[in-house]
Amino acid sequence: IVQWGFGSWEHARKTEGIVDNITNATQISIHGGYNNSNKTTTCVITSDNHSVCWGEGSDGQLGDGISTDCGAGVSNTYQKTACAVPVFDDATAQGNLKKVRVGQKSTFWLDNNGKVYSAGICDSGRLGVSCSSNHTTAKTVMTGVKDIDVHSSIACAHKNDNTLHCWGENSGNQITDANSND
């Protein structure tokens, strides 16, 4: 993986930088630059169906069991290190992952069995599960899912029965205009 852009240490800089310990990535997801912050969170799925992440983790969105950032530049070369290995509430998830999507302070993974997991900030219903504190490890959201996507603080799951389930921030009727509840 080679990344570039501009921002704080969680980003790549104006010149490209190699993520020094990632090879054979099959899928990547990135989110950053929210709330006047230049911080970015990035996660990948590797060819062996594992996930690894780096960048901002202050709200648990890296899913590695702690709430800290990881992956600082190395000797001012702005190389990144994918340093956060997510921990799932189902031990069979790591090595069986299909997709990852990073949102605003939250991350979602879909495994090959159709199970969705989330980690990150516990507000506005964005994790898709009841919570009273941030999830620093990935918790099961639902099963029977064939695809997921995330935009900022909203996530959606396309289920095997072809229904669509969305959750998260709804203060501006982003999900539904039936009510303004998250």
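Let's start at Val 150, whose bridge partner in strand E11 is Ala 155. Strand here means a DSSP run of at least two residues, marked E and numbered from the N terminus, and two strands count as paired if DSSP finds at least two bridges between them. Before we go on, please keep in mind that this is a predicted model, where local features need pLDDT of at least 70, side-chain atom pairs count only at pLDDT 80 or more, and totals for chains, interfaces and linings use all residues. Residues are numbered from 1 along each chain as its sequence is written, and side-chain values use heavy atoms, with hydrogens and water left out.

Back to our pair of strands. E10 and E11 run antiparallel and are joined by six bridges. Together they make a hairpin with two residues between the strands, and in that turn Ser 152 has a positive phi of about 55 degrees.

Now, who sits across from Ala 155 in strand E12? That partner is Trp 167. So Ala 155 has a bridge partner on E10 in Val 150 and another on E12 in Trp 167. A little further along, Ala 157 stands opposite His 165 of E12. In total, five bridges join E11 to E12, and this pair also runs antiparallel.

Put the three strands together and you get an open sheet in the order E10-E11-E12, with antiparallel pairing. E10, residues 145–151, and E12 stand at the edges with a single partner strand each, so one side of each has no neighbour in the sheet. On average, neighbouring strands of this sheet are turned by 15 degrees against each other, direction ignored. That angle uses axes, which are lines fitted to C-alpha atoms (for helices over the stretch in contact), with angles running from 0 to 180 degrees between N-to-C directions. A general point to remember when you look at the picture: in a regular strand, side chains alternate between the two faces of the sheet.

Next, the loops. Asn 162 lies in the loop between E11, residues 154–159, and E12, residues 164–168. This hairpin has four residues between its strands, and Asn 162 takes a positive phi near 70 degrees there. Is Asn 162 buried or exposed? Asn 162 is exposed, at a relative accessible area of 54%. For that word, buried means under 20% relative accessible area, exposed means over 50%, and partly exposed is in between, using a 1.4 Å probe and protein chains only.

Another asparagine gives us something to set beside it. Asn 49 is in the loop between E4, residues 40–46, and E5, residues 51–55. Its phi is near 65 degrees, a positive value in a residue other than glycine. Asn 49 is partly exposed, with a relative accessible area of 28%.

Let's step back to the whole protein. How many helices and strands does it have? There are zero helices and twelve strands. Of its 182 residues, 46% count as buried. Among contacts (heavy atoms within 4.5 Å), taking those between residues at least 6 apart in sequence, 43% join residues at least 24 apart.

Finally, confidence. The average pLDDT, the predictor's confidence in each residue from 0 to 100, is 84, and 80% of the residues score at least 70. Over residues 8–13 the pLDDT is below 50, and this stretch has 31 contacts in the model beyond near neighbours in sequence. Residues 73–79 also have a pLDDT below 50, with ten such contacts. Thanks for listening!
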